[in-house]
Amino acid sequence: MNSAQLEIQIIASLVAIACAIPGTFLVLRKMAMISDAISHSILPGIVIGFFITQDLNSPFLILLAAITGIITVILVEHIQKTGLVKEDTAIGLVFPALFSIGVILIAKNANDIHLDVDAVLLGELAFAPFDRLIISGIDIGPKSMWIIGSILTITIGLLIAFFKELKVSTFDVGLSASLGFSPAIMHYSLMTISSITTVGAFDAVGAILVVALMIAPAATAYLLTTDLKKMLGLAIFFGVFSAISGYWIAHWLDASIAGSITTMLGLIFLMVYLFAPNKGIIAVFYREKQQRTEVSLLTFLLHLKNHNEESERHVNHLNEHINWQKVRSRSVLDLALKNNMITIKNNIVSLTKKGDDFTTQAIDYIITNENAQIEDMKEDFFLFRG
Amino acid sequence: MNKKIAVQVDDLTVAYNYKPVLWDIDLEIPEGVLMAIVGPNGAGKSTLIKSILGILKPIAGSVSVYGKPYKKQRHLVAYVPQKGSVDWDFPTTALDVVMMGTYGSLGWIKRPGQKEKKLALEALEKVGMLAFKNRQISQLSGGQQQRIFLARALVQNAAIYFMDEPFQGVDATTEIAIINILKELRKAGKTVIVVHHDLQTVPEYFDWVTFLNVKKIATGPVKDIFNDDNLTKTYGINYKVSIQE
Ligand SMILES: Nc1ncnc2c1ncn2[C@@H]1O[C@H](COP(=O)(O)OP(=O)(O)OP(=O)(O)O)[C@@H](O)[C@H]1O
Ligand SMILES: [Mg+2]
C-alpha cells in the first residue's frame, strides 16, 4: 500500500465520520431527503464561489456554498409552510431549480473553468491525494484531508457540547422549547453543519457519495439499537467500514471508488435489514411465527384448565376439538412438554403445577394488561415481549 | 381567599395561518389549584398551553408566571405534551426520557450525571414504572408511556405543571394512579393545569375549571361554575351532566 492509497482511505474515512454524525440526526428527524436537496442545490454557490476565488478549496467558497445550503432549507420550509404542498414536494421544487442554475452557470462559462457537472456529482477520490496543501514549502498532505479533518473536528466538538440539546430537540420539540433549548437554533445549526460537511466533502467524494454516507450508515444503525449513542457509534462504524472496504473493492475490480463505497453501503444496509436481531424482517417473521405458536399454546393450556373430563383431554380429541392441523398440535404439545407445563399419560394430557400457575398468571396478565411482575416472565415467554 | 396568581394571561390571541384559534383570552390561575381546561376538539386547549409555555408565539397579548415573563421562569414550569407529539421510534429508553426532565435545570452544555439519574429513578418508582426503565419507549403501552411522561414532569420539580390530556387512552387504574399523584402535587402547594375531556370526572378530580372554546367562556372554582349553562355555552349543544354525586 503506497502513501496515496493510504491517504485516499484516510480521506474517505474522515468523510464517512463527518457525514455519519449529522446524518444520524437527519435520519431521526426524518429529513433524509433534505441532505439530497442540499447536496444538489449548493451547486450554484460553488460555481459563484469558484468564479470569485478561482479555487475549489477556498474557505470562502465553502462558506458561500454552505449559505446556499441554508437558503435551500429555508426555501423548502417556506414553501411547506404555505400548506399547499408537503415537505418532499417542496424539496422537489427547490433543489432542481437551484441545481439547474448551477448547471447553466457552468455551461455558460465552461470554457474558462475546469469544473464540470460530472466531477461535481461523482467526485473523484482517486485524485484527492494530488491536490496538496503546501505551507512555506513543506508538503503537509492532501488539501481535502485538511478540509474535511477541520470540519470533522468542529462537528465532533459541537456534538459533544450539545449532545443533550440535539437529543431532546430531535425527540420532543415541545419539551425542548419549554426547557429553553430553542428547537429552531438546533435545527439551523444542524442544517449548517450538514451543508458545510456536504460542501467540504463534495470536492473529494462527489455529491452522491456524500448523500449516501449521510443517510445509509445512520439508517442501518437505526435498525440495530435503541440507544442514541450506540446509533452514532454504529453509523460511524458502518460508514468507515464501507469507505475502506469499498476502496479495496474498487482497487481489485478497477472500478470507481465512490461507486464501490456506495455499493458497500447499500449491501450492508440490505444485510442488516434482513438479519437485524429485532427489527430485521427475518427476525420479525420468526417472531410472528413464534408468537402464533405461543398463542396456540396458551389456548391449549386454557382448554386443559377448563376441562377435567378425560375425554376432553385425550390427544386425539384435542386435535379435533381445537381444530388444528396435526403439525401444529404436535409443535404445541412439544413446546408445552419442553417447558414442563403438561404431562401425557396414556394419551391423556394433564397440566402440571407449573402449567397451571402459568396459565393463571397469563390470564391475569391478559385481563388486567398491567403488571410489573410479568417482566420476569417475559424473559422465558415470548408472548409477552414488546 | 387572596392567593398569589401563578399564571396570568392577558389579551392573548394566537393564530396558526392568520385565522385566530384563540381570541383575546384573559385568564388568572391562582397558586395551588388543580385546574381542568375543558372544551371541544379544536377549541384551542393545546394551543393555549403551548402559548403559555412559549412554544408558540402569540400575535397579541402576554403571559406571566408569578409576575414575570415565562422566559425568566422556565425552571418553575413542567409540561406533559399531548400524546403523539413525540417520535416514539426514537432510540431512547424510558429512563432516558425521564432524565430529559432534568435538562432544564442543567442548562446548556452541562450533562446529566449520577444525581440526575437518581432523581429519574425515583420518579419512575413513583409512577410504578421502575421495572420498565430500560425499555425502548415504543415498546410501552399507551398508559405506560403516559406514566413515563408524568415521571419526566415530576423530575422537573416545578411549581406549575401543565398536562395535555394525561388520561387519554389510559385504563381506570392508571387514571387513578395519575390523579392521585396530581392531588399529591397540589397538596405540596403546586399548581396543576390539566386538559381534560371526561366531563363526568371534573368535579371529583379538580377544584378549579376553565371553559374554553376559541374564547374563554368561564373560569373559577368547580363548585361555582361547573354547570349546564357553561357547558352548553362551551360545547354548543344542550349539555346535561349530573354532578349531584
Ligand atoms: N400546527 C397547526 N397548524 C395549523 N393549525 C393548527 C395547528 N395546530 C392546531 N391547529 C388548529 O388550531 C385549532 C386549535 O387546536 P388545538 O390543538 O389547540 O385544539 P385542542 O383544543 O387541543 O383540541 P383537542 O381536544 O383535539 O386536542 C384547531 O382548529 C386546529 O385545527
Ligand atoms: Mg389538544
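**Entry 1: a tryptophan at the chain contact**

Is B:Trp108 buried, partly exposed or exposed? I looked this up before anything else, keeping in mind that the model is predicted. The relative accessible area of B:Trp108 comes out at 37%. Buried would need a value under 20% and exposed one over 50%, so I put B:Trp108 down as partly exposed.

Next I checked which rings sit around this tryptophan. A:Phe181 pairs with B:Trp108, with 5.3 Å between the ring centres and 90° between the planes, so I wrote it down as edge-to-face. This pair crosses between chains: A:Phe181 is in the loop between helix H8 (173-179) and helix H9 (183-205) of chain A, while B:Trp108 is in the loop between H3 and H4 of chain B. A:Phe181 itself counts as buried, at 1% relative accessibility.

I then went through the aromatic pairs, of which the structure holds 12 over all chains. One of them is A:Phe162 with B:Trp108, and because the centres are 5.9 Å apart and the planes stand at 80°, this pair is edge-to-face. A:Phe162 belongs to helix H7 (residues 143-171) of chain A and B:Trp108 to a loop of chain B, so here too the pair joins two chains. A:Phe162 has 23% relative accessibility and counts as partly exposed. My note to self: ring pairs tie A:Phe162, A:Phe181 and B:Trp108 into a cluster.

**Entry 2: the rest of the A/B contact**

How many residues does the contact take from each chain? I get 34 from chain A and 38 from chain B. The two chains bury about 3100 Å² between them, and 62% of that is on carbon and sulfur atoms.

I looked for charges as well. There are 3 salt bridges between chain A and chain B. Among them I picked out B:Arg152 with A:Asp172, where the closest N and O atoms are 2.8 Å apart. I also found A:Lys164 lying over the face of B:Tyr103, 5.8 Å from the ring centre.

**Entry 3: strand S3 of chain B**

Why do I call strand S3 (residues 34-38) of chain B largely enclosed? Because 5 of its 5 residues are buried. I checked the two faces separately, and both are covered. B:Leu34, B:Ala36 and B:Val38 are buried on one side, and B:Met35 and B:Ile37 are buried on the other.

Then I looked at the neighbours in the sheet. S3(B) runs parallel to strand S8 (residues 191-195) of chain B, joined by 4 bridges. B:Leu34 has B:Val192 as its bridge partner in S8(B). Strand S9 (residues 208-213) of chain B also runs parallel to S3(B), again with 4 bridges. There, B:Val38 is partnered by B:Phe211.

**Entry 4: an antiparallel sheet in chain B**

I followed another set of strands in chain B. In what order do the 4 strands of this open sheet come? They go S2-S1-S4-S5, with antiparallel pairing. Strand S2 (20-30) and strand S5 (68-69) are the edges; each has a single partner strand, so one side of each is left without a neighbour in the sheet.

For the S1-S4 step, I counted up the pairing: strand S1 (residues 5-15) and strand S4 (residues 60-65) of chain B are antiparallel over 5 bridges. As a landmark I noted B:Gln8, whose bridge partner in S4(B) is B:Ser64.

Definitions and conventions. Residues are numbered from 1 along each chain as its sequence is written. Chains are lettered from A and ligands numbered from 1 in the order in which they are written. This is a predicted model: local features need pLDDT of at least 70, side-chain atom pairs count only at pLDDT 80 or more; totals for chains, interfaces and linings use all residues. Side-chain values use heavy atoms; hydrogens and water are left out. Buried means under 20% relative accessible area, exposed over 50%, partly exposed in between (1.4 Å probe, protein chains only). Two strands pair if DSSP finds at least two bridges between them. Rings of Phe, Tyr and Trp (its six-membered ring) pair if their centres lie within 6.5 Å; planes under 30 degrees apart count as stacked, over 60 as edge-to-face and the rest as tilted. A charge sits over a ring if NZ of Lys or CZ of Arg is within 6 Å of the ring centre and within 35 degrees of the ring normal. Contact means heavy atoms within 4.5 Å. Buried area is the accessible area (1.4 Å probe) that two parts lose on being put together, summed over both. A salt bridge is a side-chain nitrogen of Lys or Arg within 4 Å of a carboxyl oxygen of Asp or Glu.
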